[in-house]
Amino acid sequence: TQETVININGMTCNSCVQSIEGVISKKPGVKSIRVSLANSTGTVEYDPLLTSPETLREAIEDMGFDAILPD
Amino acid sequence: MPKHEFSVDMTCEGCAEAVSRVLNKLGGVEFNIDLPNKKVCIESEHSSDTLLATLNKTGKAVSYLGPK
Ligand SMILES: [Cu+2]
Ligand SMILES: [Cu+2]
C-alpha cells in the first residue's frame, strides 16, 4: 500500500468533502481517503498495482475540482 | 433546444461551482443554477441520461425532474 497527498482546490464546504470521499473511496485500488477542507488536501491510501496518483487526480478533476499532485 | 430540469444537492457557491465545471467540461450546454432551490436547468441537445450521468460525476445527490 502506498500513500499520496493530492492538493484539491475548489472545496468550500463539508458536502464537497463528503462528495469526494464518497466517490474516490469507491475507485478500484483505493484503500482509504481522508479529505481535509482546512488544508485543501486529500490523503489517499492505495494499491499501486490497481491505481496511480495520476488516475486519482483525474478522478477528482472529473468531479469538478482542481487537483494537483505534489512533485 | 430542449430544456431539462434537475435537482442537485448543492449547499453553497463552491458546490455550484463544481457543478458548473463538470457541465462546462461536457460542453454543448447552457445552464442556470438555482442554488437556494437546489435546481439546475440545462438547455442542451444532449439526452437527459447524458446530462444526469454528467451531474452524477459531482458525487452529489442528483435526480431528473423532467423537461421544461
Ligand atoms: Cu461544497
Ligand atoms: Cu458547498
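These legends go with a set of close-up views of a predicted model.

**View 1. The largest nonpolar core, with Ile20(A) in the middle of the discussion.** This core counts 35 residues. Ile20(A), Ile24(A) and Phe65(A) are the ones with the most contacts inside it. The element that gives the most to the core sits in chain B: helix α1 (residues 13-26), with five residues. For a look at one of the well-connected members, pick Ile20(A) and leave aside residues up to four places away in sequence: what does Ile20(A) touch? The list runs through Ile8(A), Met11(A), Ser25(A), Ile33(A), Val35(A), Ile60(A), Met63(A) and Phe65(A). As general background, nonpolar side chains in soluble globular proteins tend to be buried together.

**View 2. Strand β3 of chain A and the two strands it pairs with.** Start with β3(A) itself, residues 41-46: five of its six residues are buried, so the strand is largely enclosed by the rest of the structure. Strand β1 of chain A (residues 2-9) runs antiparallel to β3(A), and six bridges join them. To find your place along that pairing, look for Ile6(A), which stands opposite Gly42(A). Strand β2 of chain A (residues 30-36) is also antiparallel to β3(A), again with six bridges. Here Val30(A) has Tyr46(A) as its bridge partner.

**View 3. The turn between β2(A) and β3(A).** These two strands make a hairpin, with four residues between them. Which residue in the turn has a positive phi? That's Ser40(A), at about 55 degrees.

**View 4. Helix α2 of chain A and what covers it.** Five residues in α2(A) are worth labelling as buried: Leu56(A), Arg57(A), Ala59(A), Ile60(A) and Glu61(A). Charged names turn up in that list next to the nonpolar ones, with Arg57(A) and Glu61(A) both buried. What covers the buried residues of α2(A)? From chain A, the cover includes β1, α1, β2, β3 and β4 (66-68), and α1 of chain B joins in too. Ile60(A) also shows up among the residues that Ile20(A) touches. After α2(A) comes Gly64(A), with a positive phi near 100 degrees.

**View 5. Where chain A meets chain B.** How much area do the two chains bury between them? It comes to about 980 Å², with 46% of it on carbon and sulfur atoms. On the chain A side, Asp62(A), Met63(A) and Gly64(A) lose the most area to chain B, together 39% of what that side buries. In terms of residues, chain A puts 13 into the contact and chain B puts in 12.

**View 6. Polar links across the interface.** There is one salt bridge between chain A and chain B. Arg21(B) forms it with Asp66(A), and the closest N and O atoms are 3.6 Å apart. Four residue pairs are in polar contact across the interface, both residues of each at pLDDT 80 or more. On the side of chain A that touches chain B, the elements giving two or more residues are α1 (14-24) and α2 (53-62) of chain A. The largest share of that side, four residues, comes from α1(A).

**View 7. Strand β1 of chain B and its two partners.** Strand β1 of chain B (residues 3-8) pairs with β3 of chain B (residues 39-44) in the antiparallel sense, over five bridges. Glu5(B) has Cys41(B) as its bridge partner in β3(B). β1(B) also pairs with β4 of chain B (residues 62-67), antiparallel and over five bridges. In that pairing, His4(B) meets Pro67(B) as its bridge partner.

Definitions and conventions: Residues are numbered from 1 along each chain as its sequence is written. Chains are lettered from A and ligands numbered from 1 in the order in which they are written. This is a predicted model: local features need pLDDT of at least 70, side-chain atom pairs count only at pLDDT 80 or more; totals for chains, interfaces and linings use all residues. Side-chain values use heavy atoms; hydrogens and water are left out. A nonpolar core is a set of buried Ala, Val, Leu, Ile, Met, Phe, Trp, Tyr and Cys residues joined through side-chain atoms within 4.5 Å. Buried means under 20% relative accessible area, exposed over 50%, partly exposed in between (1.4 Å probe, protein chains only). Contact means heavy atoms within 4.5 Å. Two strands pair if DSSP finds at least two bridges between them. Buried area is the accessible area (1.4 Å probe) that two parts lose on being put together, summed over both. A salt bridge is a side-chain nitrogen of Lys or Arg within 4 Å of a carboxyl oxygen of Asp or Glu. A polar contact is a pair of N or O atoms within 3.5 Å; within protein, one must be able to donate a hydrogen and the other to accept it, and residues adjacent in sequence count only if both atoms are side-chain atoms.
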